[in-house]
Amino acid sequence: MVQQEIDRVLGATPLPDAGTIRNLTHLGYVMTEVERMQPAASLLIRVTTEDVELGGYTIPKGWLVMHSPAVSHRLERVWSHPDDYDPERFNAERQEHRQHAFSLTGFGGGMHKCTGHKFAYNELTIVLAMLFYEYAFELADPPVRPRRLS
Ligand code: HEM
């Protein structure tokens with residue numbers, strides 16, 4: 001579906017512009033689903049500046065609080081079948097990420113949300129569109145896994 005969309009949208013003008021980016025909606029869903037399933041920053045850290053009541057617990061002032069998008073992006077009460085790769089969960093009808101506040105935090109959230117969020121999405125859209133327009137890809141077998149340094 002993404003390949004067809006790229007071929008259709010880029011067909012006439014292979015150099016993407018702002019209009020092209022807007023029209024690559026399925027590519028956008030795919031990128032957002034990758035953000036959800038494999039967030040680049042798996043841990044966001046804050047320090048409490050005052051006592052905070054949360055879920056029946058008190059987090060004292062001065063404590064480290066860690067939020068993991070890698071965990072919250074897989075909550076069943078927020079996402080349908082969270083372990084399934086399903087880019088269409090972001091389409092205009094379903095909008096799963098808009099059902100709860102801060103459900104998608106691959107770029108953080110609130111006042112410190114990534115200021116480069118839109119820039120990163122636009123850049124990635126262009127790079128991926130150009131790659132898929134120029135080259136045919138196939139899945140590696142076995143799948144390539146990132147090697148974590150210990
Ligand atoms: C795929 C690319 C990127 C990812 C996954 C990403 C992710 C993030 C995340 C998760 C945060 C929040 C950190 C936190 O809450 O502790 C953040 C903050 C930030 N990002 Fe990005 N980022 C990306 C690209 C960029 C780009 C391209 C720029 C600049 C052009 C940028 C500038 C910033 C800045 C300035 C902040 C700090 C905002 C603040 O504290 O108020 N990021 N980013």
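**Around the ligand and along helix α5**

In this predicted model, 15 residues surround the ligand, and R46, F107, H112, C114 and T115 come nearest. Two of these residues also reach the ligand through polar atoms. A polar side-chain atom of R46 sits 2.6 Å from a ligand oxygen atom, and for H112 the corresponding distance to an oxygen atom of the ligand is 2.8 Å. Sorted by class, the shell around the ligand comes out as eight nonpolar, five polar and two charged residues. Strand β1 (44-47) and helix α5 each chip in with at least two residues of that shell.

Helix α5 turns up again in the helix packing. Two packed helices are described by the angle between their axes and the distance between the axes. Take α1 (residues 2-10) to start with: α1 and α5 pack at about 95°, with axes 9 Å apart. Angles of 65 to 115 degrees count as roughly perpendicular, so α1 and α5 are roughly perpendicular to each other. On the α1 side, Q3, I6, D7 and L10 do the touching, and they meet L128, A129, M130, F132 and Y133 of α5. This contact is made up of seven nonpolar residues, one polar and one charged.

Then there is α3 (residues 25-37), which packs against α5 (residues 117-134) at an angle of about 115°, their axes 11 Å apart. The crossing of α3 and α5 is right-handed. Here L27, G28, M31, T32 and E35 from α3 come up against Y121, L124, T125, L128 and A129 from α5. By class, that gives six nonpolar, three polar and one charged residues in the contact of α3 with α5. L128 and A129 of α5 thus appear in the contact with α1 and in the contact with α3.

Note on methods: Residues numbered from 1 in each chain as written. Predicted model: local features only at pLDDT ≥ 70, side-chain atom pairs only at ≥ 80, totals over all residues. Heavy atoms only, no water. Axes fitted to C-alpha atoms, helices over the stretch in contact; angles between N-to-C directions. Helix = DSSP H or I, 4+ residues; strand = E, 2+ residues; numbered from the N terminus. Left-handed = near helix turned anticlockwise from the far one by under 90°. Contact = heavy atoms within 4.5 Å. Nonpolar A, V, L, I, M, F, W, Y, C, P; charged D, E, K, R; others polar. Parallel < 35°, antiparallel > 145°, perpendicular 65-115°, else oblique. Near = heavy atom within 4 Å. Polar contact = N/O pair within 3.5 Å; in protein donor to acceptor, adjacent residues only side chain to side chain.
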